[in-house]
Amino acid sequence: MNISLQQHDVLTKFYEKNPVPDRQQRESIAKSYGMSNVEVESWFSKCQVVGPEELWQEIILEIIKLQEE
C-alpha cells in the first residue's frame, strides 16, 4: 500500500466516524484525496483488523523495505 501520511490521517478521521463506509463513500474519498478505489478499500479492510496506528506502522515498514531494495 503506497499512501502518504496525509492520506492516512484523512482516512483515519473518516474511520473514526465510520469504520465501514459503503462503496459510494469509499469512491468519494478516493477521488477527493488522489487515491485509487482499491487503495481506499484495502486501507479500510486492513484498518478494521489492526487499527489505524498499527496499520501506519505496517505501511512505514513496507516503504522502508521498498527503499532498501
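Author: Glad to look at this predicted model with you. One cut-off helps from the start: a residue is buried when its relative accessible area is under 20%, and exposed when that area is over 50%.

Reader: Is V10 buried or exposed?

Author: V10 has its place in helix 1. Its relative accessibility is 15%, and the limit for buried is under 20%. Therefore V10 counts as buried.

Reader: Thanks! What distance separates the C-alpha atoms of V10 and Y33?

Author: Along the chain, V10 and Y33 are 23 residues apart. In space, their C-alpha atoms are separated by 8.4 Å.

Reader: Which helix gives the largest share of the largest nonpolar core?

Author: That core has 14 residues, and I3, L11, V40, W43, F44 and I59 touch the most other members. Helix 1 (5-17), helix 2 (23-32), helix 3 (37-50) and helix 4 (52-68) each give two or more residues to this core. With four residues, the largest share comes from helix 3.

Reader: Now for I29: is this residue buried or exposed?

Author: I29 is found in helix 2. Its relative accessible area is 4%, to be set against the limit of under 20%. So I29 is buried.

Reader: And which residues is I29 in contact with, leaving aside its neighbours within four places in sequence?

Author: A good one to check from the other side too: with the neighbours within four places set aside, the contacts of L11 include I29, along with I3, M35, V40, W43 and F44. Under that exclusion for I29, the partners are L11, F14, V40 and F44.

Terms used. Residues are numbered from 1 along each chain as its sequence is written. This is a predicted model: local features need pLDDT of at least 70, side-chain atom pairs count only at pLDDT 80 or more; totals for chains, interfaces and linings use all residues. Side-chain values use heavy atoms; hydrogens and water are left out. A nonpolar core is a set of buried Ala, Val, Leu, Ile, Met, Phe, Trp, Tyr and Cys residues joined through side-chain atoms within 4.5 Å. Buried means under 20% relative accessible area, exposed over 50%, partly exposed in between (1.4 Å probe, protein chains only). Contact means heavy atoms within 4.5 Å.
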